[in-house]
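Me: Could you take me through one part of this structure slowly? I'd like a close look at the spot where the ligand sits.

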Amino acid sequence: MKVFVTGGAGFIGSHTVDILQQKGYQPIIIDKNKSKYADSSIKAYQIDICDQNLKEIFKVELPDAVIHLAAQTSVSYSVSNPKIDGKINILGTINVLENCCKYGVKKIVFASSAAVYGEPKQAAIEEGDTKSPLSFYGLSKLSAEDYIKLFSEQYDLSYTILRYANVYGMRQDTAGEGGVIAVFINKLLHDETLTIYGDGNQSRDFIFVKDVAAANIAALSSVEKSILNISSNTKTTINELTAHLHKLTHKTIKTSYKAKKEGDITDSRLNNRRAIYTLNWQPHFSLEQGLNETIHYHYVKKHSNL
Ligand SMILES: NC(=O)c1ccc[n+]([C@@H]2O[C@H](COP(=O)([O-])OP(=O)(O)OC[C@H]3O[C@@H](n4cnc5c(N)ncnc54)[C@H](O)[C@@H]3O)[C@@H](O)[C@H]2O)c1
């Protein structure tokens, strides 16, 4: 089965490509950047998803399915650049969808986000809960979801929309707004101070990247059109996270507490029951296991100057 992975050169995309290859699928990377991770046997096209020439690639390759991960992924960038965010996340998705429909793609798996919900109204967010995005990023993901649903009604295209919680693991960006775990581990290994915004009692639902990649692949064979939370269904506060990191690295943790960031939600936990049932999937990595693999990755990277 031939599967396009848009954003296949990125953090989640590269792990998705790895597992697709291991499982005997034929992944093809569609990304504006060159992949640093895929081996040379993997076909890759360097192209922007907004580019009208994308159709030529669909025409030549005729993929069976698309895992659509390419996106503008920064919340803060979306706030100051809503047009660019909307262009990539909405118009780019429409370009992918049009080509899916034109060239007979049967299934699209879409990387959406917990950001579509905004401030949670209950302890564990369910898929049917109110959607009130607090950022243009959350809004562009929600709009892309709506386009996918409408395209699917009008054409023979099935979908699974996956709303990821806070994904962490190897290959995540440590610069700028990178995930808090990647940023903290990188700083810790360089003996730098960890900045915590607020009192550190805010919680997040951390899910390991290999579990997310496995969900992307499980969704390929799901026949139902569905929208599913992909999460660990567990709350971890930032203070608990630093305690875990201390335990696993034996490093002294230096922290600096700063004012809570505007618009930061206090608690986030996504109920993943529906995904477990629909995809026959479940998270396999505990936070400790995932952190261990991630720390090991950063340690090796630091010592080999990669
Ligand atoms: N990391 C998380 O915690 C998280 C949480 C929720 C949702 N998501 C979603 O998962 C997907 C993957 O995120 P990630 O964390 O791997 O990010 P990433 O930045 O590592 O990967 C995104 C990839 O998309 C590519 N890309 C960006 N704009 C493009 C364009 N216009 N045309 C072609 N390629 C383009 C980038 O080059 C990059 O390789 C995104 O859609 C993101 O919104 C991520």
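**Around the ligand**

Reply: The ligand is surrounded by 24 residues, where being near means having a heavy atom within 4 Å of the ligand. The closest are Ile 12, Asp 31, Leu 69, Tyr 137 and Lys 141. Bear in mind that this is a predicted model: local features need pLDDT of at least 70, side-chain atom pairs count only at pLDDT 80 or more, and totals for chains, interfaces and linings use all residues. Residues are numbered from 1 along each chain as its sequence is written, and side-chain values use heavy atoms, leaving out hydrogens and water.

Now for the polar contacts (pairs of N or O atoms within 3.5 Å). The side chain of Lys 141 has an N or O atom 2.7 Å from an oxygen atom of the ligand. Backbone atoms join in too: a polar one of Ile 12 is 2.9 Å from a ligand oxygen, and a backbone N or O of Phe 11 also lies 2.9 Å from a ligand oxygen. On its own the ligand exposes 820 Å², and the protein buries 87% of that (areas by the Shrake-Rupley method with a 1.4 Å probe).

Who supplies the shell? Helix H1 (11-22), strand S5 (107-113) and helix H5 (136-154) each give two or more residues; these are DSSP runs, at least four residues for a helix (H or I) and at least two for a strand (E), numbered from the N terminus. S5 has the largest share, with three residues. By class, the shell holds 14 nonpolar, six polar and four charged residues, with Asp, Glu, Lys and Arg as charged, Ala, Val, Leu, Ile, Met, Phe, Trp, Tyr, Cys and Pro as nonpolar, and the others, Gly among them, as polar.

Note on methods. Polar contact = N/O pair within 3.5 Å; in protein donor to acceptor, adjacent residues only side chain to side chain.
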